[in-house]
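Please open the structure in your viewer and keep the selection panel at hand. The stops below go from one selection to the next, and each says what is to be found there.

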Amino acid sequence: MSALAQSPPPQAEPAAREAAGAPFYAWATDLLQSFRALLDIAAGLTRLPSAGTDAETGTPLLNLYLVVCALDQILCDYLHGGFFDFTRVGLGGRARRPLSIASRAQNTARQLQVRTMLRSLLANRRFPAGLLRARLKLPQSFRGVELYPEDCALLGRRAHAIVGAEPVAVVGLRTSGLYMAPLAAAAMQLEGRAAVSLMSIRPGGALLSAERRRLQAIARAGGWVFVVDDPTWRGSAFAKASAALAALGFAQDRIVLAACEIANQPVFRLQRRDPTFSPAAAGAVWQGFPAATKAVLATHEWAAYRFLAAPAVKRFLNRAPVLDRLGALSAEVVRVLPFSDVGDPPSELIPNHARSRSPRQRRFHIRQVFEVQLQTRSGPRRELIAARGAGLGFFGYHSYLAAQAVAGWVPTVLGIDSGFVFQRWHAGEPVASLDGQDLEEVASYVADRAMSLELAPSARVSESRLVLTGSRQVARLLSRTMGRAGGLAQFRAANRLSAATAGRRRVLVDARMGPAEWLRSGSGRLVKLDSDEHGTDITDLCVWDPVYDLAAATVGFRLSPASAKQLVEAYARASGESLTEMRARLAVQQLQCAGAALSSVSEHTFSPRWRHQREQYAIDLVAAEELLARAVNEFLAAVFLQDVRSRKTGDVWALDLDDTLEGDRMGAPTMSAAGARAVRALLAHDAVVLLTSGRSLPEVRERCALYGLPGGIAEYGAVAWDSEQSREISLLEPHAQAELQRLRESILCETDILVDPRYEHTLRLFRHTPDGRRGMPAAEIEAVIERRGITGLEVIEGFRKTVVWVRGTEKAAALPALLQSLGIDRRDRRLHAVGDEYTDFGLMAAADHAHAPANATAAVRDRSQELRIKMVTAERGAGVLRIVKSQLRHPRRCRVCGSPALTHADSALLEVLALQDRRRAGRLAYALVPATLAAFEMLGT
C-alpha cells in the first residue's frame, strides 16, 4: 500500500473542459443569489429538459425544489424581520415596563405592515425592492451535510407512526428545516393523512398573527407538532422552538423532534454553560429534552452511505468520461478506506497527519477513499480514489466548479455524482509548518484562485440580524471593548466595515488554509486537498476578499510576524495589489480568523487530570490570543508608527502595558487607536519610550519590535529586554529561577491548574471556565509551596490569573539595568512613569512625573497624593494620550506628530477601533445615531 500511496497522479485537466457541460448552471458559481435572480432561475428551470444535465448538476426538478425553498426562505425572513424587543438593551427596574410597552406597540405596527405588504403583493404581483435585493441563506441540509430527500421522507414516516391520525403541524426551523419540512410533510400525507399543516419558523424569532392562530388551533385540538431541523451538536435551536411552541399550548409530550445522528456526535448536547448540563452525562443523547418525543434517523440509515457503497461507486467509475480521465477500460472497487468519525483521513494513507484533538467535532462532509483495480491497455493498475460530499443539486455543482477552476493545485477531479465529488487520492506528507518556498506557493495559490474564481460585481447588501457575517463577527468582537453600548454599536460598525473593507475584487475564497488542508507531494510541492469555497457557505461569512485566505493561513499555521509578512508580500507581488490598500482589509480578516480560532479553543474539552492535555490547551489558547492581539497591534503600528523613529534625545517614558496602554476586553491584550497616537507623539518628539509590564518576555519583545521601541521591562521586573542589542537582562538569581521551575513542575503534576507557557521568570496560573480565564485562591498555591518546601516566592491572587513571583521582584529595580544596557544616562533627562496599579508604585516613586489613567485601581487613587500621581479623566489609551499631550504641550495640529495619510478602509477600521477611547456618552451616541432600530433588531439574534 505504501508504494501505491506514493505514486504521483496524472496531470490535472483544465477547468474549461467541464464548465461547459451544463451552461445553464454557470450561475451556480455564485450561490448567494438574490430573490430577483432566483425568480429568473426558477423560470429557466421549468423550461430546461431533463436530459444532458442530470449527471453533474442533479435533475432540473430537484434544483427547482431547492430554488423554490430558497425563495421561500428569503420571503419568510423578509416578512418576519423588523420585530424588536426593546427590553433586551440591558436596562431594568423602572425602564423595563415602558420598554415592554414600546415593544408590543412596535410589533403590532409591524404585523399591520406585513399584512398590508402581503395584500399589495397578491393584488399587484409586485415584490418590494428590499425583498428583490435580499439574498438566500444557505442551508446545512443539502449543502453542509449529506442529507437527501429520502432521509427527510423517512423522518416523516416515523413521525407519522408517532402522531397517528391526530392533527399535526410540521414546522421547519429556518434555514435548514425549511428545506426538509415539505419533504417530511409529503411523506406523512402519502402515509394516509388527509392534511398536514406546514410552516417554518426561525428559533427565537417572531411569529405572524396567522401563524400563531394556526398553531394555537392545532394545540387546542390536542394535536401534535413535528419540529424538523438539520443534524445538530447542541440543542439551542430546538430548545428555543420548543419553548415557543409550549407557550402556544403544546404539551411537551406532544412535541416531536427530528433527530439526525451524525458520526459520533450525541444529539442535542447542551453547552457547558447551560444549567442542565451534567459532566457525568456529557455523552448522553437527547440530554436536556427528556419529555419530548423523538423521530430518529440513525447514522447508518443515511441515504448518503448507499451512494458510497461499492456497487454505486463502481457504476460511476465505469462511465465513459470517468474511464477516459483515468486512462482505463474498466474499474473495480477492491476495498473501502473510510475517514474517521471525526473527519480524520485514514491513518494507513497519512500516518503522521494531525488528528483531531476534540472527541466531538462539529459537522463535516462525509469522505471515503476507495482502492480501485483499473484495467488498461497496458495491463492492470491500482489507484486510490477519494469521494467527498459537496451538496445536493446545484449546491454540489458549485463545489465541482470551484475544484475545476483550481485544477492545477488540487488532485485530479474525476467527476461529481449524487452530491459527491470524486478525485484521485494524492499521496504525500502532512504539512505542519511553512518554510520560505511554501509561503511563496501558498501566496500563488491564493492569487491564482482570485483570478480563476472572480465573480461579477454585486451591490452590497446591508448587514442583517439574520446572518452573522464576517463583518458582524468582527464588529461583535471589537464591541466587547465598548461596555454596554457595544451591543448597540456593533450593527452600525459591521455596516461600516463591510462597506469600506470589501476589497476591489469579489472572489470565491477558499477560507480553509490550515495544516489539515495541505499535503507535500514527492516533488516537495504543496497540494491543496479541499478546493471547495467556504467564504459564503453555511457559515454565512459572506467574505469575497482573497486576503481572507492569507489571514486564514496565518492563523491556521500560527505564522510568526516575519513569516506572515513574507506571505502577504508574496501575494502582493503575484496579484499586483498594493500593501497599503490591503492593510485594513487584512487586519479585519485576521480579526475574524483569530477570533474564530480563540472561540474554537475555548470550546475544546480536555481532562484536567492529564498534564499533556492541560499543557496543549494552554499552548493553543495562548497562540490564539497572540494572533488576535497581533491583528490589531500590527495594523495600528503600520498606520501610526511606521513613519516615525525617535532619536532618543528626549525624556524617558515608562509606559505600563496592562490596562494602561493596552486592554484585554476583546479577549486578548490590544492597543487602542488613542494609545497608538500617544506612542507616535512620543517617538516623533524623540522621547525614549520603554514598556513596563507584568506580561511575559516574548510579549514585551514582540511589542518592542512592532512599535519600534528600544526596550522594556517584563514579568513585573524579573527580566528586561534590550531591543537594540537583542539582549535579555535577567534580574533573578539562579536559586530563585530553580525554585520557580520546581513550583511549575509541582503544579503541572499535582493539580488541575493551567500554566501560561510564555512565562519563565514568573508564573501565571489560571483555570479554564466557560467565561474565560479565572485565577484561583492564593492559599491553593501556597499549600503546594509549603508541601514542596519551596522558598522565596510570593503568590498574588487575581481575577483572571494568579501570579507567582520571586519575593522582592520590582519594576523599578529593573529600570537602571535596562537604561545602562541602552547607554542612557538618567541624570540628563526626566523620567515619566504611567501606570494603573500597585506594581507601578516603585517606578512612580522614582519618577520625576507620575501619571495614571482614570481606570487606575483604588490603591493608586489612595496614594496619589503621597506619590504625586497626576490623574486624568480618560481611561486606558485615551488617558495615556491625554497625559502625553499635556506633557509635550504641543499645538492641537502638531506638524511633528500629526496624523498620517489614511485610506478609506484604514479610516473605517480606525473609527471602530477608536470607539473604546470614547466616553460612555460618545459610545452610546455612535450606537443610536443613525441606526437605533437596526441596533435593537440585532439584539434579538
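Begin by selecting threonine 554, which lies in helix α19; helices here are DSSP runs of H or I with at least four residues, strands are runs of E with at least two, and both are numbered from the N terminus. This is a predicted model, in which local features need pLDDT of at least 70 and side-chain atom pairs count only at pLDDT 80 or more, while totals for chains, interfaces and linings use all residues. Residues are numbered from 1 along each chain as its sequence is written, and side-chain values use heavy atoms, with hydrogens and water left out.

Threonine 554 counts as buried at 7% relative accessibility, where buried means under 20% relative accessible area, exposed over 50% and partly exposed in between, with a 1.4 Å probe and protein chains only. Leaving aside residues up to four places away in sequence, threonine 554 touches Leu559, Ala564, Leu567, Gln590 and Leu627, a contact being heavy atoms within 4.5 Å.

Stay with threonine 554 and add the other residues around the largest cavity, whose lining consists of Thr554, Val555, Leu559, Ser560, Pro561, Ala564, Gln590, Ala594, Leu627, Arg630, Ala631 and Glu634. A cavity is a set of points, on a 1 Å grid over the protein atoms alone, where a 1.4 Å probe fits but cannot get out, and lining residues have an atom within 4 Å of a point. The structure holds 4 cavities of 30 Å³ or more, and the largest has about 80 Å³ of space, the volume being that filled by probe spheres set on grid points joined across faces, edges and corners.

Which helix gives the largest share of this lining? It is α22, with 4 residues, although α19, α20, α21 (579–603) and α22 (611–640) each supply at least two. By class the lining has 7 nonpolar, 3 polar and 2 charged residues; Ala, Val, Leu, Ile, Met, Phe, Trp, Tyr, Cys and Pro count as nonpolar, Asp, Glu, Lys and Arg as charged, and the others, Gly among them, as polar.

Next select arginine 558, in the loop between α19 (547–556) and α20 (561–575). Arginine 558 has a positive phi of about 50° although it is not a glycine, and at 39% relative accessibility it counts as partly exposed. Most residues other than glycine have a negative phi, and most peptide bonds are trans.

A second arginine to select is arginine 125, found in the loop between α6 (96–124) and α7 (129–133). Its phi is also positive, at about 55°, and arginine 125 is exposed, with a relative accessible area of 74%.

Now move to the peptide bond from arginine 174 to threonine 175, which is cis, with omega near 20°. Threonine 175 lies in the loop between β1 (168–173) and α9 (176–190).

From there step back into strand β1 to valine 170, which is buried, with a relative accessible area of 0%. Valine 170 touches Ala181, Ala185, Met188, Val196, Ser197, Leu198, Met199, Phe226 and Val228, not counting residues up to four places away in sequence. To follow one of these pairs, draw a distance between the C-alpha atoms of valine 170 and valine 196, which are separated by 7.0 Å although the residues are 26 apart along the chain.

Then select helix α31 (residues 904–913), which is mostly covered, with 7 of its 10 residues buried. These are Ala905, Asp906, Ala908, Leu909, Leu910, Val912 and Leu913, and they pack against α17 (470–479), α18 (486–500), α21, α22, α23 (673–684) and α32 (920–928).

For the cysteines, select cysteine 69, which is buried, with a relative accessible area of 5%. Why does cysteine 69 form no bond with cysteine 152? The sulfur of cysteine 152 is the closest cysteine sulfur, yet at 9.6 Å it is too far for a bond. Taking a disulfide as a pair of cysteine sulfur atoms within 2.5 Å, the count comes to 0. Cysteine 749, by contrast in its cover, is exposed at 54% relative accessibility.

Finally, display the whole chain, which has 33 helices and 28 strands. Of its 941 residues, 56% count as buried, and residues 24 or more positions apart account for 71% of the contacts with a separation of 6 or more.

Notes. On a 1 Å grid over the protein atoms alone, a cavity is a set of points where a 1.4 Å probe fits but cannot get out, and a pocket is an open set with protein on both sides within 12 Å along at least five of seven lines; lining residues have an atom within 4 Å of a point.
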